Every structure is written in C-alpha cells, then in structure tokens.
Amino acid sequence: MNHQDAAVSTTFGQLPSLLLTSPDGAQASITLYGAHLISWRGADGRERLFCSAKSALDGTKAIRGGVPVIFPQFAERGTGTRHGFARTSIWRVGTQGLEDGWAFAVFALAPGDLSAQHAQAWPHGFELRLRVAIRANELTMRFEVRNTGSEAFPFAAALHTYFLVDDIASVRIDGMETEELAITGKFDRVYDRVAPRQALVDGGVVLTLRQEGFTDAVVWNPGAEDAASLADMADEEYRRFVCIEPALLNGPALQPGQSWTGEYHVS
Ligand SMILES: O=P(O)(O)OC[C@H]1O[C@@H](O)[C@H](O)[C@@H](O)[C@@H]1O
C-alpha cells in the first residue's frame with residue numbers, strides 16, 4: 001500500500017470526507033464538516049462508533065454520532081454556540097499517509113475557515129489541529145489548540161465520542177467512578193479530574209480508553225425520555241450507544257503563542 005491509498009477522498013452521506021485504511025485493514029471515515037470521525041472499523045472489521053440513522057449528513061446540522069469535536073465551548077457552559085463551532089465548521093485537510101503501520105490524517109481549522117457569524121462571535125487568533133490515526137484495533141486522536149493571536153483566551157474542548165454498544169443496559173464503565181458505572185436511564189454526568197484510564201465493557205467486548213491532556217470527562221446517554229425529543233435520533237437508538245467524552249472543561253486561559261494538546265487512545 002502506498003501513501004495515497006492510505007487516505008482517499010470520498011463522501012459520507014453528502015459530506016466530503018476522507019477514508020483512511022491502514023495496511024492491516026483498519027478503516028476510518030472523517031468528514032471535513034467538523035473533522036468528524038464518523039466511522040471506525042478495527043482490522044477485525046467491527047464498527048466501534050454509533051451514528052444515528054436520522055443524523056443529518058448534509059452539513060445543515062451537527063452529526064449525531066461518531067466523534068464531534070467540541071470547541072471552544074462545552075454544551076451551554078458559556079454564551080456561544082452550544083458545544084462550539086468546531087463541529088459545524090468545514091476543516092482543511094493537512095498531511096496524511098502512513099507512519100509505522102498507522103494510517104493518519106491531520107485536519108486544521110483557523111478563523112479564516114469560520115462563517116462570518118462565528119468569527120465575529122469568537123474573535124480570537126487560533127489554530128486547531130486534529131490528527132486521527134488508526135492501526136490494528138487501535139485509534140489515536142490528538143487535538144491541538146494554538147493561540148495565534150495577541151490576547152489570551154479561555155476555551156473548553158472535548159472529543160464527544162459515541163461508542164456503539166450492543167445494549168446500553170449491559171454496559172459497564174470502569175475507572176470513571178470508584179464503583180463500576182452502569183447506565184440505567186437518562187444519564188448526563190460531568191467528571192472533573194478523572195483517572196486517565198477507563199474501560200468500556202459491553203458484554204464480552206472491552207475497550208480501553210486513555211486520555212492525556214484532557215483532565216475531565218463526560219458520560220452521556222439520553223435514555224428513552226430524552227431520545228424521544230431528539231429529532232435526529234430514532235426512539236430506540238439510545239440503547240445502541242454511550243458517549244464517553246474526554247474533556248477539558250476548566251483549563252487555564254491559553255496565552256499568546258502557547259498551545260494545548262489533548263490525546264485520546266482507544267484500543
Ligand atoms: O444535542 P447535542 O448538542 O449534540 O448535545 C448532546 C449532549 O452532549 C453531552 O455532552 C452533554 O453532556 C449533554 O447535556 C447533551 O445533551
């Protein structure tokens with residue numbers, strides 16, 4: 001396989017995207033809209049990410065599934081766009097190819113890529129980079145925020161990962177709380193200062209989750225009640241995913257010329 005085969009331009013729904021394929025057969029699709037990892041199959045062929053059958057895939061609305069990139073605001077913790085503008089902006093594709101058996105691609109976003117409305121609402125000099133890499137049954141995402149302006153800015157960031165599960169009722173999460181965590185109904189909890197390693201147990205399937213730089217985490221499932229009110233989610237789909245989101249929610253302001261990096265490793 002040469003470098004060109006490792007990353008192929010294609011479409012996902014109606015969205016321009018990149019299809020990554022590693023030499024050992026792992027695959028990932030990332031839409032330029034949001035630099036949104038929307039599908040990840042390990043070399044074993046198993047899809048790890050949930051995407052709603054009712055999700056918009058035309059750039060009119062944030063994608064319901066995969067890994068939305070949350071920046072510069074988490075949820076409604078601020079006066080800006082809910083969960084920030086990164087998930088609904090069109091990113092540029094940077095370097096891509098193969099490295100030590102990993103297929104990777106880097107995506108970038110800067111003020112010049114934003115809609116006039118977003119650029120006006122968040123008038124800071126910044127550059128975001130998201131590097132997605134896959135190999136075997138492993139995924140690494142590295143998210144970097146750089147302050148290219150002349151004033152410090154505060155920000156929040158998260159990788160809002162929708163893990164595909166067999167049945168939410170049998171999911172267990174280790175490492176988030178002192179006791180093993182089970183999800184029984186609507187669940188929306190923010191964990192400040194989490195242990196950097198967790199496990200997602202879904203029946204016989206176990207995923208190891210490791211975060212660096214991201215000090216916090218969020219676990220979310222809408223349950224039957226809230227799923228019914230989400231226009232872009234079918235009523236029963238809440239059973240098929242859990243969101244485990246490495247996050248930086250209360251980080252210090254980023255000084256001019258400085259950068260912050262968060263990583264998420266799933267295997
Ligand atoms: O519907 P959105 O904007 O994608 O948000 C989904 C959920 O995202 C989670 O991260 C939040 O903790 C929830 O409160 C929120 O409902």
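Two strands count as paired if DSSP finds at least two bridges between them, and I begin with that because much of what I will show rests on such bridges. The model I am presenting is a predicted one. An example of a bridge is Leu19, whose partner in strand 3 is Ser29. That bridge belongs to the pairing of strand 2, residues 15-21, with strand 3, residues 27-31, which run antiparallel to each other over 5 bridges.

A word on confidence before going further. The protein has an average pLDDT of 97, with 99% of the residues scoring at least 70, and the model as a whole carries an ipTM of 0.98 and a pTM of 0.98. As a general caution, where pLDDT is low, the predicted coordinates should not be read in detail.

Let me return to strands 2 and 3, and place them in their sheet. They sit in an open sheet of 4 strands with the order 1-2-3-4 and antiparallel pairing. Its edges are formed by strand 1, at 7-12, and strand 4, at 36-41, each of which pairs on one side only. Within this sheet, neighbouring strands are turned against each other by 25 degrees on average, if direction is ignored.

The other sheet I want to discuss is an open one of 9 strands, in the order 6-7-8-9-19-16-15-12-13, again with antiparallel pairing. Strand 6, at 92-99, and strand 13, at 181-182, stand at its edges with a single partner strand each, so one side of each is left without a neighbour in the sheet.

I will walk in from the strand 6 edge. Strand 6 pairs with strand 7 in the antiparallel sense over 6 bridges, and Arg92 stands opposite Ala108 of strand 7. The hairpin that these two strands make has 2 residues between the strands, and there Asp100 takes a positive phi near 50 degrees. Strand 7, residues 102-109, is mostly covered, with 6 of its 8 residues buried. On its pairing with strand 8, which is antiparallel over 7 bridges, Ala108 appears again, this time opposite Arg129, while Phe107 stands opposite Leu130.

How many residues of strand 8 are buried? The count is 8 of 10, so strand 8 is largely enclosed by the rest of the structure. Strand 8, residues 126-135, then pairs with strand 9, residues 138-147, in the antiparallel sense over 10 bridges; Arg129 has Glu144 as its bridge partner in strand 9, and Val132 stands opposite Met141. This hairpin, too, has 2 residues between its strands, and in it Ala136 takes a positive phi near 45 degrees.

Now a residue outside the strands. Ile90 lies in the loop between strand 5, at 69-70, and strand 6. Is Ile90 buried or exposed? With 17 other C-beta atoms within 10 Å, Ile90 is partly exposed, because burial requires 20 or more and exposure 12 or fewer. Leaving aside its neighbours within four places in sequence, Ile90 is in contact with Leu32, Tyr33 and Asp113. Ile90 and Phe12 are 78 residues apart in sequence, and their C-alpha atoms are 14 Å apart in space.

Last, the ligand. Which residues are around the ligand? They are Ala62, Ala75, Arg82, His83, His160, Asp188, Val218, Trp220 and Glu245. By character, this shell divides into 4 nonpolar, 2 polar and 3 charged residues.

Definitions and conventions. Residues numbered from 1 in each chain as written. Predicted model: local features only at pLDDT ≥ 70, side-chain atom pairs only at ≥ 80, totals over all residues. Near = placed C-beta within 6 Å. Nonpolar A, V, L, I, M, F, W, Y, C, P; charged D, E, K, R; others polar. Axes fitted to C-alpha atoms, helices over the stretch in contact; angles between N-to-C directions. pLDDT = per-residue confidence, 0-100. Contact = placed C-beta atoms within 7 Å.
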